[in-house]
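Biologist: Could you take me slowly through this model, so that a first-year student can follow each step?

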Amino acid sequence: MLPLEGVTVVSLEQAVAAPFATRQLADLGARVIKVERPTGDFARGYDTSVKGLASHFVWLNRNKESIALDLKELADRLIMDKLLSTADVFVQNLAPGAAARLGFGAAELTAKHPRLIVCDLSGYGSSGPYRDKKAYDLLIQCETGLVSITGSEAEPAKTGISTADIAGGMYAYSGVLTALYERERTGKGTAFEVSLFDALGEWMGFPYYYAEYGGTAPKRAGARHAAIAPYGPFAAGDGAQVFLGVQNEREWVKFCEQVLGRPELAADPRFDANPKRVENVAELKAVIEAVFAKLSSADIEARLEEVGIANARMRTMAEFAEHPQLAARDRWREVDSPAGPLRTLLPPVTVAGREPRMDPIPEVGQHTSAILAELADVDDAPSD
């Protein structure tokens with residue numbers, strides 16, 4: 001039995017953040033009923049890369065049931081009312097105020113259904129001057145300062161994944177779990193909100209403190225670390241790059257002695273403490289690459305492994321898909337979809353002896369008729 005079996009989640013969701021949160025709940029066994037407009041979650045149309053399906057949608061929507069409702073219509077709002085009377089959790093990420101205008105605001109729902117947990121997910125929160133501002137992932141990355149510290153010295157960059165959406169989705173997910181636990185103790189539901197801005201702002205803790213109390217923001221460093229050195233890519237003699245990270249002075253001494261064969265560098269006044277190495281990072285890189293130029297990437301990686309210095313290979317997505325660690329740990333499964341079976345990774349939390357749920361990705365409105373048949377006998381009275 002999965003931990004959230006018996007929990008029903010109704011999600012008025014679209015795009016990435018809310019679907020990411022509810023897929024985690026579904027993976028744990030919750031019944032997630034995805035309420036879509038008749039034309040479907042617009043993320044279904046982001047691309048056609050996965051056998052005609054959108055890559056974002058495939059990633060975020062396994063294990064869910066889809067009901068198609070037009071909530072501008074009274075009849076469909078009444079269906080939504082009935083659906084919520086059967087639910088434990090309601091998640092929504094419409095524009096601020098939109099759910100309330102439809103009659104599904106947190107205050108109204110918790111008054112009507114005292115055990116219901118309501119999660120409102122938005123871009124900037126339910127108040128403040130940015131409340132109604134458009135809040136796409138890139139824009140949140142910009143407003144929280146993430147873009148200003150990401151990229152090369154010459155040019156800022158956004159992250160290659162939807163960092164703000166994922167951050168917001170994870171806090172919504174953990175908020176729902178917390179509220180379920182609280183309800184077990186109090187018998188009452190909780191209404192809470194998560195904004196993408198607040199979520200990613202929390203993740204900006206290191207650069208904030210570094211800049212606020214250090215006087216300058218971390219410099220954009222490409223694939224290097226802005227505050228630790230050596231940490232990042234270094235060219236080998238065969239033209240490949242080796243990625244490595246030295247985290248402390250003990251490792252720095254070992255790196256100089258056993259990897260570089262230059263023990264005197266450990267006490268060099270330019271490099272004998274991490275802040276100095278960061279300050280003199282260009283000189284440090286030149287010294288390291290002068291040694292690495294005589295070695296192949298395989299030789300360097302072998303030396304690093306032998307003395308316990310962290311290192312990695314920069315893999316392409318195709319190489320990640322064939323990663324030996326994933327194969328050795330049996331991390332791949334199949335999930336069905338409107339386009340047929342698709343390979344997918346297991347959820348990150350591994351519990352011995354428990355096989356995660358891998359139910360299909362739904363078509364738009366695939367479960368509408370079945371859900372409506374279930375609701376036919378549901379009383380219209382508010383739940384206790």
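The questions and answers below go from the whole protein to single residues.

Modeller: This is a predicted model, in which local features need pLDDT of at least 70 and side-chain atom pairs count only at pLDDT 80 or more, while totals for chains, interfaces and linings use all residues. Residues are numbered from 1 along each chain as its sequence is written, and side-chain values use heavy atoms, with hydrogens and water left out.

Biologist: How many helices and strands are there in the protein?

Modeller: Helices (H or I, at least four residues) and strands (E, at least two) are taken as DSSP runs and numbered from the N terminus. The C-alpha atoms of the protein fill a box of roughly 80 × 45 × 40 Å along the principal axes. Within the protein, the count is 16 helices and 11 strands.

Biologist: What share of the 384 residues is buried?

Modeller: A residue is called buried under 20% relative accessible area, exposed over 50%, and partly exposed in between, using a 1.4 Å probe and protein chains only. By that rule, the buried share of the 384 residues is 44%.

Biologist: Which strands form the open sheet of three, and in what order?

Modeller: Two strands pair if DSSP finds at least two bridges between them, and β7 and β8 pair in the antiparallel sense over five bridges. P233 stands opposite F243 in β8. The three strands of this open sheet, with antiparallel pairing, come in the order β7-β8-β9.

Biologist: Which strands stand at the edges of that sheet?

Modeller: A strand at an edge has a single partner strand, so one side of it is left without a neighbour in the sheet. On average, neighbouring strands here are turned by 30 degrees against each other, direction ignored. The two strands at the edges are β7 and β9.

Biologist: Which strands does α13 touch where it packs on the sheet?

Modeller: Contact means heavy atoms within 4.5 Å, and axes are lines fitted to C-alpha atoms, for helices over the stretch in contact, with angles from 0 to 180 degrees between N-to-C directions. Helix α12 packs on the sheet, touching β7 and β8, and its direction makes about 45 degrees with that of β7. The direction of α13 makes about 15 degrees with that of β8, and the strands that α13 touches are β8 and β9.

Biologist: How wide is the arc covered by the buried residues of α10?

Modeller: In helix α10, residues 249–260, the buried residues are E251, W252, F255, C256, V259 and L260. An α-helix has 3.6 residues a turn, so residues three or four places apart point the same way. The arc is that of the directions from the helix axis to the C-beta atoms. The buried residues lie on the same side of α10 because they cover an arc of only 140 degrees.

Biologist: What covers the buried residues of α10?

Modeller: The cover comes from several elements, and a strand is one of them, namely β8. Helices also take part, and the cover includes β8, α11, α12 and α13.

Biologist: Which residues of β10 point to the buried face?

Modeller: In a regular strand the side chains alternate between the two faces of the sheet. Along β10, W332 and E334 point to one face and are not buried. Those that point to the other face and are buried are R333 and V335.

Biologist: Which residue takes a positive phi in the hairpin of β10 and β11?

Modeller: Strands β10 and β11 pair in the antiparallel sense over four bridges, and E334 stands opposite R343 in β11. The hairpin has six residues between the strands, and the positive phi, near 105 degrees, is taken by G340.

Biologist: Is K51 buried or exposed?

Modeller: Most residues other than glycine have a negative phi, and most peptide bonds are trans. K51, in the loop between β2 and α2, has a positive phi of about 50 degrees although it is not a glycine. With a relative accessible area of 57%, K51 is exposed.

Biologist: Which residue makes a polar contact of 2.4 Å with the side chain of T159?

Modeller: A polar contact is a pair of N or O atoms within 3.5 Å; within protein, one must be able to donate a hydrogen and the other to accept it, and residues adjacent in sequence count only if both atoms are side-chain atoms. T159 is buried, with a relative accessible area of 18%, and a polar atom of its side chain lies 2.9 Å from the backbone oxygen of I161. The side-chain partner at 2.4 Å is T163.
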